[in-house]
Amino acid sequence: MMRFIQKMSVTMMILIVAATAATATDISGFVQGLYGYGSDRNNPVPSELSASEVRLQMRIESYSDAAEYFGRLDFVYDDYLEPEYRMILREGYLKFNIGNNVDMKVGRQVITWGTGDLIFINDLFPKDYQSFFAGRDDQYLKSPQNALRTTIYGRPGTLDIVYTPRFAPDITPTGERFSYYNPMTGGYVGGEGFIMDPTLPDAEVINGEIAARYSKYIGTIDAALYYYRGFYKGPVGMDPATMTAYYPGLQVFGASLRSPVFGGVFWTEGGYYDSLDDSEGDDPFVPNSSIGSLVGFERAINQSFTANIQYRNSMIVDHDRYLETLPMGSNEEDEMYHLLTSRVTMLFLMETLNVSLFGFYSPSEEDFYGRMAVSYRFTDEVTMAVGANFFEGADPWTRFGMFDRNDNVYMKFTYGL
């Protein structure tokens with residue numbers, strides 16, 4: 001405990017000294033307690049809790065005419081299983097200009113682009129789904145990465161280039177806090193002996209990630225083109241020699257449009273996923289290439305009621321070859337995957353009471369994931385929230401059915417600093 005406090009104090013001093021050296025400084029943050037309970041007694045994880053933690057987040061932003069510095073530090077006491085103290089640098093970057101048309105951002109940062117609401121086609125920056133399922137704030141769905149980002153502005157449009165030296169994967173349920181369906185055992189697994197530990201690409205320069213976006217407004221339409229080269233963000237490949245999951249190579253070409261229409265906002269997005277480790281589509285242990293698309297529309301019904309709807313699909317390329325090489329007894333994926341989502345947000349009591357519902361339903365895989373949250377702001381500083389996550393699936397190997405044992409409810413108290 002003392003070592004944790006010492007580290008925390010030294011780190012805060014470094015940040016404050018760095019911040020006060022600049023022209024202007026903003027310091028803010030929050031303290032938050034999150035407590036969750038897993039409601040499925042058949043869940044094979046080692047604890048009935050889904051969350052039990054206290055978090056202090058400090059944000060420091062300093063800026064001058066020459067540069068801008070931003071830091072976001074989390075100090076966490078987590079006793080989900082055993083008491084544990086963690087200090088997490090979520091963001092710490094320096095931003096500066098080169099001339100009048102080039103911005104550079106260097107350091108640990110959270111990056112997001114694309115048009116979907118909790119659906120990501122061309123946003124291939126890491127996500128933290130464990131935080132998402134546990135009820136942490138939505139900001140924790142986006143996981144930080146160490147990156148060099150260059151933005152070039154000009155009359156033809158804006159070009160963003162992001163280079164990530166070390167591959168940054170998604171954080172997915174591993175069996176420690178949330179269970180998952182294991183096709184090798186034919187059942188839901190979790191706890192000691194079933195903690196998933198996928199193999200990361202070697203730490204070599206050639207295994208860095210590169211992502212690019214070119215965007216331009218055409219009238220009221222925000223249009224963009226995307227490129228990515230790196231790896232699948234989830235451990236979707238399997239080494240048959242060691243039976244170990246890993247991250248296969250991936251290249252993505254995509255495009256998106258977003259525009260106001262009919263009193264609301266319409267968006268569409270598409271991408272071609274080029275599976276670099278299975279270009280012929282004949283390796284049953286690596287995903288085939290695929291084509292995905294998304295359309296969505298959101299509108300405010302009145303000042304306190306907003307709703308949206310999205311449809312996403314994905315088609316496996318060379319599906320016939322995929323079926324020919326699929327090992328006997330394996331679970332078979334359809335050529336076309338369909339997903340419908342909807343978010344509803346309602347505000348009451350002078351916007352101090354917020355009710356949010358978000359549902360994912362796949363008619364092709366017959367599975368469902370629902371999120372609900374109700375939050376009440378007692379004062380400008382104090383907020384209380386309760387929420388729940390529900391998973392259902394006709395089959396256990398589908399995208400949401402594989403987490404069917406992880407239904408949970410949670411409470412969250414936040415004090416803004």
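In the lining of the largest cavity, the biggest share comes from β11, which gives three residues. This is a predicted model, so please keep that in mind throughout, since local features were taken at pLDDT of at least 70.

The volume of that largest cavity is about 40 Å³. Its lining consists of Trp-113, Asn-122, Leu-124, Phe-125, Ala-211, Ala-212, Tyr-226, Tyr-227, Tyr-228 and Val-252. Two elements, β10 (209-218) and β11, give two or more residues each to this lining. Sorted by class, nine of the lining residues are nonpolar, one is polar and none is charged.

How many cavities of 30 Å³ or more does the whole structure have? The search finds two. The second largest has a volume of about 30 Å³. Around it are Leu-124, Phe-125, Gln-145, Val-162, Thr-164, Glu-209, Ile-210, Ala-211 and Tyr-228. Here the elements with two or more lining residues are β7 (157-164) and β10, and β10 gives the most, with three. The class count for this second lining is six nonpolar, two polar and one charged. Tyr-228 lines the largest cavity and also the second largest cavity.

Tyr-228 comes up again in the largest nonpolar core. That core has 37 residues, and those touching the most other members are Phe-133, Val-162, Tyr-228, Leu-250, Tyr-273, Phe-360 and Tyr-369. At least two core residues come from each of α2, β11 (221-231), β14 (249-261), β15 (264-275), β18 (336-348) and β19 (353-362). The most come from β11, with four.

Take Phe-133 from that list. Which residues does Phe-133 contact, leaving aside its neighbours within four places in sequence? They are Pro-173, Phe-178, Tyr-369, Asn-389, Phe-391, Phe-403 and Asn-408. Tyr-369, one of those contacts, is also among the core residues that touch the most other members.

Now to the open side of things. The second largest pocket has a volume of about 780 Å³. It is lined by 31 residues, and Arg-86, Ile-88, Asp-128, Gln-130 and Ile-171 are the closest to its centre. Elements giving two or more residues to this lining are β3 (67-78), β4 (84-98), α2 (129-134) and β6 (145-154). The largest share, four residues, is from β4. By class, the pocket lining has 14 charged, seven polar and 10 nonpolar residues. Compare the largest cavity, where the lining has no charged residues.

One last link: α2 gives two or more residues to the lining of this pocket, and α2 also supplies at least two residues of the largest nonpolar core.

Technical notes
Residues numbered from 1 in each chain as written. Predicted model: local features only at pLDDT ≥ 70, side-chain atom pairs only at ≥ 80, totals over all residues. Heavy atoms only, no water. 1 Å grid on protein atoms, 1.4 Å probe; cavity = no way out; pocket = protein on both sides within 12 Å on 5 of 7 lines; lining within 4 Å. Points joined across faces, edges and corners; volume = space filled by probe spheres on them. Nonpolar A, V, L, I, M, F, W, Y, C, P; charged D, E, K, R; others polar. Core = buried A, V, L, I, M, F, W, Y, C linked by side-chain atoms within 4.5 Å. Buried < 20%, exposed > 50% of the residue type's maximum accessible area, 1.4 Å probe, protein only. Contact = heavy atoms within 4.5 Å.
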